[in-house]
Each structure stands twice: as structure tokens, then as C-alpha cells.
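Colleague: I'm new to this one, so could you walk me through a single part of it slowly? Start with the overall picture, then zoom in.

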Amino acid sequence: MNDSAGMLHLLAAEPTLLPAAPLDANGETIETRRNENHTCLRCGKPATTALIADLGEHGKRWLDLCYTDFNSVRQAN
Ligand SMILES: [Zn+2]
């Protein structure tokens, strides 16, 4: 999960377009996010996982991914 900057690069996402995540997010916050029916950043299908990327100057941002893309991103790293 600390590799999320590399993950963002893979996703070719524009960091400032990603939704801001709370600074004090914990497991419960992430669980809530997963249940909010967001769409996968890569393919637009329903996201089943939520990660938080610490982007330094851009702050913390949500990464919503479906299970397939979560696994492919994780393996790519
Ligand atoms: Zn996907």
C-alpha cells in the first residue's frame, strides 16, 4: 500500500482529480469508502477495494479499484 505513487503512475491518473481522503483515515474509513459504490479508476466497473495514496504536496487521495485491477496493479508493483 506504500507503493501507491507507482500505482498512480500505472493508472496514468491525474492526482488532483482524485477525491481527497481524510488525513485521519483508518480501517473503518476505508471500509466505509468501499461500501459507497464508487467506480474503478481503470475500467469503470464497480470498485471493490479502496486504497489511500499519500501524494505529498497533493495530500492523501482515494484510489478506488475493482478486484481485477487491484490485483493487476499489485502484481505490477
Ligand atoms: Zn477495474
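Here's what I'd like to know: what percentage of the contacts in the protein chain with a separation of 6 or more comes from residues 24 or more positions apart? After that, please take a close look at strand S2 (60-65): which strand does S2 pair with, and in what sense?

Modeller: Happy to. This is a predicted model, so local features need pLDDT of at least 70 and side-chain atom pairs count only at pLDDT 80 or more, while totals for chains, interfaces and linings use all residues. Residues are numbered from 1 along each chain as its sequence is written.

Your number is 55%. Here a contact means that the C-beta atoms of two residues, placed from the backbone, lie within 7 Å.

The protein chain has three helices and two strands, in the order α-α-β-β-α from the N terminus. These are DSSP runs numbered from the N terminus, with at least four residues (H or I) for a helix and at least two (E) for a strand.

Now for S2. It pairs with S1 in the antiparallel sense, over six bridges; pairing takes at least two DSSP bridges between two strands. Five residues sit between the strands of this hairpin, where Gly 56 takes a positive phi near 60°.

S2 is largely enclosed by the rest of the structure because five of its six residues are buried. Buried means 20 or more other C-beta atoms within 10 Å of a residue's own; 12 or fewer makes it exposed, anything in between partly exposed, with C-beta atoms placed from the backbone. Over the whole protein chain, 26% of the 77 residues count as buried.

S2 also feeds the largest nonpolar core, a set of buried Ala, Val, Leu, Ile, Met, Phe, Trp, Tyr and Cys residues joined through C-beta atoms within 7 Å. Of its 13 residues, Trp 62, Leu 63 and Leu 65 touch the most other members. Strand S1 (49-54), strand S2 (60-65) and helix H3 (67-76) each supply at least two residues of this core.

Leu 65 deserves a longer look. Its bridge partner is Thr 49. Setting aside neighbours within four places in sequence, its contacts are Cys 40, Leu 41, Arg 42, Ala 47, Thr 49, Phe 70 and Val 73.

Then there's Lys 60, whose C-alpha atom is 6.7 Å from that of Leu 23, 37 residues away along the chain. Leu 23 sits in the loop between helix H1 (4-11) and helix H2 (27-34). Leu 23 is exposed, since it has 9 other C-beta atoms within 10 Å.
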